[in-house]
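Please read the points below with the sequence and the structure side by side, and look up each residue as it is named. The note is written for someone meeting a protein model early in their studies.

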Amino acid sequence: MKVLNNIIAIAILSITILSCKKTTEDIPTPAVAATAGTFTWKENGVAYTADSAHYSLCCTPTVTTIFAYHKTAAGIRRFFEININGTTNGTFTIPASGFNPCALYYASGAVGGGSGQANGGGTIAITNYDNANNKITGTFSAVQGPHTITEGVFTGLPKK
């Protein structure tokens with residue numbers, strides 16, 4: 001009789017466990033994919049949006065480098081490398097000449113070549129350096145030889 005009671009108890013317990021239905025609260029929601037952010041600018045009055053952009057801590061833990069890339073249908077490639085001596089919100093001046101850890105390097109050209117300028121003068125403003133979420137947001141402008149770069153905005157760029 002004791003064996004029969006144990007079998008009945010196990011059967012009731014098994015039925016109870018198996019009959020529990022999962023609710024939507026029991027099912028974990030998938031993680032939201034990280035957004036790539038945006039990087040836009042005007043070059044000599046023409047608007048562009050980068051195909052890819054991100055930032056990293058480059059060289060030392062106190063230098064932030066922002067990279068952006070864009071290629072047009074005609075094969076013109078544009079590259080940005082913006083170096084900022086800092087990892088906080090603030091406005092940084094790009095000197096017109098001479099060495100400075102804050103700089104904007106820009107190259108634009110066809111598949112076989114291009115032109116590059118460095119330290120043409122301008123400003124970079126970091127408006128939201130979000131260390132907790134590894135995102136950076138800000139604005140920039142610069143005069144780079146024949147290229148006048150205005151209305152530069154990067155929003156929510158991920159850290160790589």
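The points go from the overall picture to pairs of strands, and then to single residues.

1. Status of the model. Please keep in mind throughout that this is a predicted model, and that confidence in the prediction is given residue by residue as pLDDT, on a scale from 0 to 100. The mean pLDDT of the protein is 77, and 66% of its residues reach 70 or more. In residues 30–34 the pLDDT is below 50, and this stretch has zero contacts in the model beyond near neighbours in sequence. Residues 111–115 also have a pLDDT under 50, but for them the model has eight contacts beyond four places in sequence. I would ask you to read both stretches with care.

2. Overall make-up. The secondary structure comes to one helix and eleven strands, and in the order of elements from the N terminus the helix precedes the strands, as the run α-β-β-β-β-β-β-β-β-β-β-β shows. Of the 160 residues in the protein, 32% are buried. The protein exposes about 9,600 Å², and carbon and sulfur atoms supply 62% of that area. Among the contacts with a separation of 6 or more, 49% are between residues 24 or more positions apart.

3. Strands β6, β9 and β10. Strand β9, which covers residues 122–130, pairs with strand β6, residues 90–94, in the antiparallel sense over five bridges; within this pairing, Thr91 stands opposite Ala125 in β9. Strand β9 is also joined to strand β10, residues 135–144, by eight bridges, and these two strands run antiparallel as well. To find your place in that second pairing, look for Asn128, whose bridge partner in β10 is Thr137. Strands β9 and β10 form a hairpin with four residues between them, and in the turn Asn134 has a positive phi of about 55 degrees.

4. Two salt bridges. How many salt bridges does the structure hold? The structure holds two, and as general background, side chains of opposite charge can pair when their charged atoms come close. One of them is formed by Lys42 with Glu151, with the closest N and O atoms 3.6 Å apart. Since Lys42 lies in strand β1 and Glu151 in strand β11, this pair ties together parts that are 109 residues apart in sequence. The side chains of Arg78 and Glu43 meet in a salt bridge too, at 3.0 Å from N to O. Because Arg78 lies in strand β5 and Glu43 in strand β1, this pair ties together parts that are 35 residues apart in sequence.

5. Buried or exposed? It is worth comparing how the partners in these salt bridges are covered. Both Arg78 and Glu43 are buried, and for Glu43 the relative accessible area is 6%, which counts as buried because the cut-off is under 20%. Lys42, at 27% relative accessibility, counts as partly exposed, whereas Glu151 is exposed, with a relative accessible area of 53%.

6. The surroundings of Glu43. Strand β1, where Glu43 has its place, covers residues 38–43. Leaving out residues up to four places away in sequence, Glu43 touches Tyr48, Arg78, Tyr106, Ser108, His147 and Thr148. With the side chain of Arg78, the side chain of Glu43 also makes a polar contact, at 3.0 Å.

7. Thr148, a partner of Glu43. Thr148 lies in strand β11, which covers residues 147–158, and at 36% relative accessibility it counts as partly exposed. Apart from its neighbours within four places in sequence, Thr148 is in contact with Lys42, Glu43, Asn44 and Ala142. If you trace the chain from Gly122 to Thr148, you will find that they are 26 residues apart in sequence and 10.0 Å apart in space, C-alpha to C-alpha.

8. Asn83 as a buried polar residue. Asn83 lies in strand β5, which covers residues 77–85, and it is buried, with a relative accessible area of 11%. Which side chains does the side chain of Asn83 meet in polar contacts? The side chain of Asn83 makes one such contact with the side chain of Thr65, at 2.8 Å, and another with the side chain of Glu81, at 3.2 Å.

Notes
Residues numbered from 1 in each chain as written. Predicted model: local features only at pLDDT ≥ 70, side-chain atom pairs only at ≥ 80, totals over all residues. Heavy atoms only, no water. Pairing = 2+ DSSP bridges. Contact = heavy atoms within 4.5 Å. Buried < 20%, exposed > 50% of the residue type's maximum accessible area, 1.4 Å probe, protein only. Polar contact = N/O pair within 3.5 Å; in protein donor to acceptor, adjacent residues only side chain to side chain. Areas by Shrake-Rupley, 256 points an atom, 1.4 Å probe, with all protein chains shown as cover. Salt bridge = Lys/Arg side-chain N within 4 Å of Asp/Glu carboxyl O.
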